[in-house]
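Trainee: Could you take me through the reading of some local features in a model, going from the general idea to the particular case each time?

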Amino acid sequence: MEVKIDARGLVCPKPVIETKKALDGLKEGNIITLVDNQVAKDNVSKLAKSLNLHFSVSEVEGNYEISIFKGAYAHSTEDMVQKRPDLSNLVIMVGKDTMGEGERELGEILIKSYFYALSEAEPYPKAIIFINSGVRLTTMNLQVIEYLKKLSDMGTEILSCGTCLDYYGLKDMLQIGSISNMYTIVEFMNEANNTITL
């Protein structure tokens, strides 16, 4: 069975949600989601990866078609990020580019120290999610980006809110991790045993 979803013009996370609903209602077959932007394409692809489903992406007249196979056609993809035994089920939400309240200069020092310590302490968190001005840390703060790269190499998911990157004009400056959407963020938080907000 083949199901087609035209998600062009839909604001994130709607393309992901519509695709997830279709997958939930399909026992076996192929879901084809049509989107009109890179962020939606990446987010629907991440959904397929998170569900351990085979998928392919093709560009058609400036749009993207993501084909996701379920049932007998489903299998793990080689580029799937594997969970490592030294990862905790902790999710860290970073809502600003400083730590604590008070002097900004001190807050910048503290946030760098925090991520350095985090990169040296096991078990590593399952995911670190950057929202609001926190996305400046994944785009502009080279020292923090260095620590985040180490965490990413250890298996930690580094996610930056796409809406936030757009708001601050930083989408093209992302240095580490991937662009995410609110649906994926909610899923990570719901599945976590513990969530810390900075």
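Mentor: We shall go through helices, single residues and aromatic rings in turn, bearing in mind that this is a predicted model.

Trainee: Let us begin with helix α2, residues 38-50: what span should its 13 residues have, and how far apart are its end C-alpha atoms?

Mentor: The expected span is 1.5 Å times one less than the number of residues. For the 13 residues of α2 this gives 18 Å, and the end C-alpha atoms are 18 Å apart, so the two values agree.

Trainee: What is found at the two ends of α2?

Mentor: At the N-terminal end Asn37 acts as the cap, with a side-chain oxygen 3.3 Å from the backbone nitrogen of Val39. After α2 comes Asn52, which has a positive phi, near 65°.

Trainee: Which residues of α2 are buried, and what covers them?

Mentor: A residue is called buried when its relative accessible area is under 20%. In α2 this applies to Val39, Ala40, Lys41, Asn43, Val44, Ser45, Leu47 and Ala48, and the elements that cover the buried residues include α1 (14-24), β2 (29-35), β3 (55-60), β4 (63-70) and β8. Lys41, one of these buried residues, also has its charged end over the ring of Tyr64, 5.1 Å from the ring centre.

Trainee: For helix α6, residues 182-191, which residues are buried, and how are they placed around the axis?

Mentor: The buried residues of α6 are Thr184, Ile185 and Phe188. They cover an arc of only 100° around the axis, and therefore lie on the same side of α6. Their cover includes the strands β5 (90-94), β6 (127-130), β7 (157-161) and β8 (178-180), while at the start of the helix a side-chain oxygen of Asn181 comes to within 2.9 Å of the backbone nitrogen of Tyr183.

Trainee: Turning to single residues, is Thr139 buried or exposed, and what does its side chain reach?

Mentor: Thr139, which is located in the loop between β6 and α4, counts as buried because its relative accessibility is 4%. Its side chain reaches the backbone oxygen of Val135 at 2.9 Å, and a polar atom of that side chain lies 3.3 Å from the backbone oxygen of Arg136. Apart from neighbours within four places in sequence, Thr139 is in contact with Ile145, Leu165, Leu170, Met173, Leu174 and Gln175.

Trainee: And how do Leu142 and Lys112 read by relative accessibility?

Mentor: Leu142, in helix α4 (residues 142-153), counts as exposed because its relative accessibility is 64%. Lys112, in helix α3 (residues 104-120), has a relative accessible area of 28% and is therefore partly exposed; setting aside neighbours within four places in sequence, Lys112 is in contact with Asn141, Gln143, Val144 and Tyr147.

Trainee: Finally, how many aromatic pairs are there, and how are the rings of Tyr114 and Phe115 arranged?

Mentor: Rings pair if their centres lie within 6.5 Å, and planes over 60 degrees apart count as edge-to-face. By this rule there are four aromatic pairs. The ring centres of Tyr114 and Phe115 are 5.3 Å apart and the planes stand at 80°, so this pair is edge-to-face. Both Tyr114 and Phe115 are buried, and together with Phe130 they form one aromatic cluster.

Trainee: Where does the charged end of Arg136 sit?

Mentor: The charged end of Arg136 sits over the ring of Tyr168, at 4.7 Å from the ring centre.

How values were computed. Residues numbered from 1 in each chain as written. Predicted model: local features only at pLDDT ≥ 70, side-chain atom pairs only at ≥ 80, totals over all residues. Heavy atoms only, no water. Phe/Tyr/Trp six-rings, centres within 6.5 Å; stacked < 30°, edge-to-face > 60°. Buried < 20%, exposed > 50% of the residue type's maximum accessible area, 1.4 Å probe, protein only. Lys NZ or Arg CZ within 6 Å of the ring centre and 35° of its normal. Helix = DSSP H or I, 4+ residues; strand = E, 2+ residues; numbered from the N terminus. Arc of directions from axis to C-beta. Contact = heavy atoms within 4.5 Å. Polar contact = N/O pair within 3.5 Å; in protein donor to acceptor, adjacent residues only side chain to side chain.
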